[in-house]
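Biologist: I am new to protein structures and would love a close look at a single part of this one. Could you pick a good starting point and show me how it sits in the rest of the chain?

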Amino acid sequence: MNPRPVNVKPLKDYKLLVTFQNGEKKIFDAKPLLSMSLYQPLRNEGLFLQAKTDGMCVYWNENIDLCPDRLYTDSAPFWG
């Protein structure tokens, strides 16, 4: 099982800075998701910037969330 997100900070250009329960920080690029019908509402930057985490996944509302395993495996290490 991959670590779960404990903090998320939306960044410019539809990226998320995610801190995982093991202390790792990673950058997730959400742009590729925006072409999928489920994620198209996130093209609204105001909505995208409302990303939250509940310790299990990153979500925006009751209809839009990200699988924590995909979030971890598809993110790049953050070196900041």
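Modeller: Let's start at Tyr59, which is partly exposed, with a relative accessible area of 25%. The reasoning is short: buried means under 20% and exposed means over 50%, so a value of 25% falls in between. Please keep in mind that this is a predicted model.

Where does Tyr59 sit? It belongs to strand 5, residues 58-59. Leaving out residues up to four places away in sequence, Tyr59 touches Gln50, Ala51, Lys52, Thr53, Asp54, Ile64 and Asp65. A partner from much earlier in the numbering is Val8: 51 residues separate Tyr59 and Val8 along the chain, while their C-alpha atoms are 9.7 Å apart.

One of the residues that Tyr59 touches, Thr53, is a good next step. Thr53 is part of strand 4, residues 52-53. With residues up to four places away not counted, Thr53 touches Pro5, Val6, Asn7 and Val8, and also Val58 and Tyr59. Take Val6 from that list: Thr53 and Val6 are 47 residues apart in sequence, yet their C-alpha atoms are 6.4 Å apart in space. Strand 1 covers residues 5-11, so you can use the strand numbering to place these partners of Thr53 on your display.

Now move to strand 2, residues 15-20. Thr19 has its place in this strand. At 16% relative accessible area, Thr19 is buried, because the cut-off for that word is under 20%. Among the residues that Thr19 touches are Pro5, Val6 and Asn7, and those names also appear among the partners of Thr53. Thr19 touches Arg4, Glu24 and Lys25 as well, again not counting residues up to four places away.

What lies between strand 1 and strand 2? A loop does, and Lys12, Asp13 and Tyr14 can all be found in it. Lys12 counts as exposed, at 73% relative accessibility. Even so, the C-alpha atoms of Lys12 and Leu49 are separated by 8.9 Å, although the two residues are 37 places apart along the chain. Asp13 is partly exposed, with a relative accessible area of 45%. Tyr14, at 19% relative accessibility, counts as buried. Most residues other than glycine have a negative phi. With that in mind, look at the backbone here: Asp13 has a positive phi near 65°, and Tyr14 has a positive phi of about 60°.

Back inside strand 2, Leu16 leads us to the core. Which residues have the most contacts inside the largest nonpolar core? They are Leu16, Leu42, Trp60 and Leu66, and this core has 20 residues. Strand 2, helix 1 (45-48) and helix 2 (68-73) each supply at least two residues of the core. Strand 2 gives the most, with 3 residues. In soluble globular proteins, nonpolar side chains tend to be buried together.

The partners of Leu16 show how it is surrounded. Setting aside neighbours within four places in sequence, Leu16 is in contact with Val8, Lys9, Pro10 and Leu11, then with Lys26, Ile27 and Phe28, and also with Phe48, Ala51, Val58, Trp60 and Leu66. Ala51 is one of the residues touched by Tyr59 too, which links our starting point to this group.

Trp60 also brings in helix 1, where Leu47 is found. Leu47 is buried, with a relative accessible area of 18%. Measured by sequence position, Leu47 and Trp60 are 13 residues apart, and their C-alpha atoms are 7.2 Å apart in space. With neighbours within four places left aside, Leu47 is in contact with Pro41, Leu42, Trp60 and Ile64. Ile64 is another residue that Tyr59 touches.

Finally, step back to the whole chain. It has 2 helices and 7 strands, and from the N terminus on they run β-β-β-α-β-β-β-α-β. Of the 80 residues, 40% are buried. Residues 24 or more positions apart account for 45% of the contacts with a separation of 6 or more. The radius of gyration is 12 Å, which agrees with the value near 12 Å for a compact globule of 80 residues.

Conventions
Residues are numbered from 1 along each chain as its sequence is written. This is a predicted model: local features need pLDDT of at least 70, side-chain atom pairs count only at pLDDT 80 or more; totals for chains, interfaces and linings use all residues. Side-chain values use heavy atoms; hydrogens and water are left out. Helices (H or I, at least four residues) and strands (E, at least two) are DSSP runs, numbered from the N terminus. The radius of gyration is taken over C-alpha atoms; the globule rule is 2.2 Å times the number of residues to the power 0.38. Buried means under 20% relative accessible area, exposed over 50%, partly exposed in between (1.4 Å probe, protein chains only). Contact means heavy atoms within 4.5 Å. A nonpolar core is a set of buried Ala, Val, Leu, Ile, Met, Phe, Trp, Tyr and Cys residues joined through side-chain atoms within 4.5 Å.
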